[in-house]
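Q: Please take a close look at a single part of this predicted model. I should like a connected account of one element and of the elements joined to it.

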Amino acid sequence: MANKEIPYKIFLSESELPKQWYNLRADMKNKPAPLLNPGTLQPMTLPEMSVVFCEELAKQELDDTTPYIDIPEEIQAFQKMYRPSPLIRAYCLEEKLGTPAKIYYKFEGNNTSGSHKLNSASAQAYYAKKQGLKGVTTETGAGQWGTALSMACAYFGLDCIVYMVKVSYEQKPYRREVMRTYGASITPSPSDTTQIGKKMLAEHPDTTGTLGCAISEAIEVAVGKEGYRYVLGSVLSQVLLHQSVIGLETKTALDKYGIKADIVIGCAGGGSNLGGLIAPFMGEKLRGERDYRIIAVEPASCPSLSRGKYAYDFCDTGRVTPLAKMYTLGCDFIPAPNHAGGLRYHGMSSVLSQLYDDGLMEAASYTQTEVFEAAVMFAKAEGILPAPESSHAIKGAIDEALKCKETGEEKTIVFGLSGTGYFDMMSYQKYNDGEMSDYVPTDADLQKGFDTLPKV
């Protein structure tokens, strides 16, 4: 039964926090296509995946039938430092827009990493420690994932090696200093420390880097270094599983006060934040219990869902990872360096790609300037400086709220505010100085990436 008065900020009690992750794949009639071994083109096996990933994480990656998986107590204890995160009613934004819509946002920025990434970083670091490993390697784009992983590794006593996309390494010096403070070693990618990095530099000496290349470098180091494994901050099914705490908390908070969401919106790069937020809502939709409009918002400069191909592709530029069937721009696609956010990945989670292909969710894309206009409006109205990535979801929510203004419909909109933008001030400076530019790839630009897709 709904309580009479709904608070401005809804917090759950400790007893209401999720004790299990929700595995959305268990309710999908059309399962995501399996990862393929790039050598044999056969589905990846547990022994093959365990060479790169921690064994328990490999098991989670392959499990598409178990609906709920227990969260170990050690991970729950770590996450109590910053969870639950609040579900906030955006009253001031509603008033500014003059909309009859009710807007709620799940705010994941209340931790030192400044984003939702800590939800999976803590899980992956825990399983690495439990396996007796010395450390882990990873990549990071805008830096949120690298920051989160460095924090989790410091807590669990692991070495942390991070390859950071070069353009972000240069644009965000304070982000990398937070990682170093937590004990991580940071290398700009592409680098001369790996064979793949050297090859990339030889072929593209002026490159500003890509997530795909940074992934290749991190994997090369993990495979060649005894006692290390590779961990990834998005895209993989295991990551969406860990991020389901976002959606589970959101759904519990809404149910607690009898609030029914009509539209659920998240920013989309590789898919971790969006997948985590929508998980229980999509689960209800798949089971026929309730319908929702679910919208993935991505940058026009890297529009994998909106303009990509649904095909098997490598997850990295060096072509050493398993092949994943996903909406992709091609693993050789290099986003424009002027793009401010971390949504630079060439592909989309196989889970979300399948749901999108089945018509169960929508996609929208916006230019960078549009997104920052929404970010500034939100900052002035709600008092939180949003990350560029999160601001894509804000833009989507604003547009849907303005549609309600036109029609007079009182819809309830829920979106994910996945992080804060306090390490993104160079981008805000460019926007405020009128120096921000928009890049939208042409069909010919995208075709270059499509031409390199593997023949599977």
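A: A residue is called buried when its relative accessible area is under 20%, exposed when it is over 50%, and partly exposed in between. By that criterion, Gln195, Lys199 and Ala202 are exposed, and they sit on the face of helix H9 turned away from its buried side. The buried residues of helix H9, which spans residues 195-203, include Ile196, Gly197 and Met200. Viewed along the axis of H9, its buried residues fall within an arc of 100 degrees, so they line one face of the helix.

The part chosen for the close look is strand E10, and the same criterion gives another picture there. Strand E10 covers residues 263-267, and five of its five residues are buried, so the strand is largely enclosed by the rest of the structure. In a regular strand the side chains alternate between the two faces of the sheet. In E10, Ile263, Ile265 and Cys267 point one way, whereas Val264 and Gly266 point the other way; all are buried.

E10 pairs with strand E11, residues 293-299, through five bridges, and the two strands run parallel. Within this pairing, Val264 stands opposite Ile294 of E11. The connection involves a helix: E10, helix H12 (residues 272-286) and E11 together make a right-handed β-α-β unit.

E10 also pairs with strand E15, residues 412-417, over three bridges, again in the parallel sense. Here the bridge partner of Ile265 is Phe415 in E15.

Strand E15 may be described in the same terms. Six of the six residues of E15 are buried, so this strand, too, is largely enclosed by the rest of the structure. Thr412, Val414 and Gly416 point one way from E15, while Ile413, Phe415 and Leu417 point the other way, and all are buried. Phe415, the bridge partner of Ile265, is thus placed with Ile413 and Leu417.

E15 in turn is joined to strand E5, residues 102-107, by six bridges, and these strands run parallel. In that pairing, Tyr104 stands opposite Val414 of E15. E15 therefore pairs with E10 over three bridges and with E5 over six, as the DSSP criterion of at least two bridges requires.

Helix H12, the helical member of the β-α-β unit with E10 and E11, leads to the internal space of the model. The structure holds eight cavities of 30 Å³ or more, and the largest cavity has a volume of about 400 Å³. It is lined by 32 residues, of which Lys117, Ser234, Ser272, Gly342 and Leu343 are the closest to its centre. H12 gives two or more residues to this lining, as do strand E6 (135-140), helix H6 (144-156), helix H10 (211-224) and helix H16 (388-407). By class, the lining of the largest cavity divides into 11 nonpolar, 18 polar and three charged residues.

The largest pocket is described separately, with about 260 Å³ of space. Among its 17 lining residues, Arg25, Ala33, Pro34, Leu35 and Glu61 are the closest to its centre. Helix H2 (55-62) and helix H14 (350-357) each supply at least two residues of that lining. The lining of the largest pocket has 10 nonpolar, three polar and four charged residues.

Definitions and conventions
Residues are numbered from 1 along each chain as its sequence is written. This is a predicted model: local features need pLDDT of at least 70, side-chain atom pairs count only at pLDDT 80 or more; totals for chains, interfaces and linings use all residues. Side-chain values use heavy atoms; hydrogens and water are left out. On a 1 Å grid over the protein atoms alone, a cavity is a set of points where a 1.4 Å probe fits but cannot get out, and a pocket is an open set with protein on both sides within 12 Å along at least five of seven lines; lining residues have an atom within 4 Å of a point. Grid points are joined across faces, edges and corners, and a volume is the space filled by probe spheres set on the points. Helices (H or I, at least four residues) and strands (E, at least two) are DSSP runs, numbered from the N terminus. Ala, Val, Leu, Ile, Met, Phe, Trp, Tyr, Cys and Pro count as nonpolar, Asp, Glu, Lys and Arg as charged, and the others, Gly among them, as polar. Buried means under 20% relative accessible area, exposed over 50%, partly exposed in between (1.4 Å probe, protein chains only). A crossover is right-handed if, with the strands pointing away from the viewer, the path from the first strand over the helix to the second runs clockwise. The arc is that of the directions from the helix axis to the C-beta atoms.
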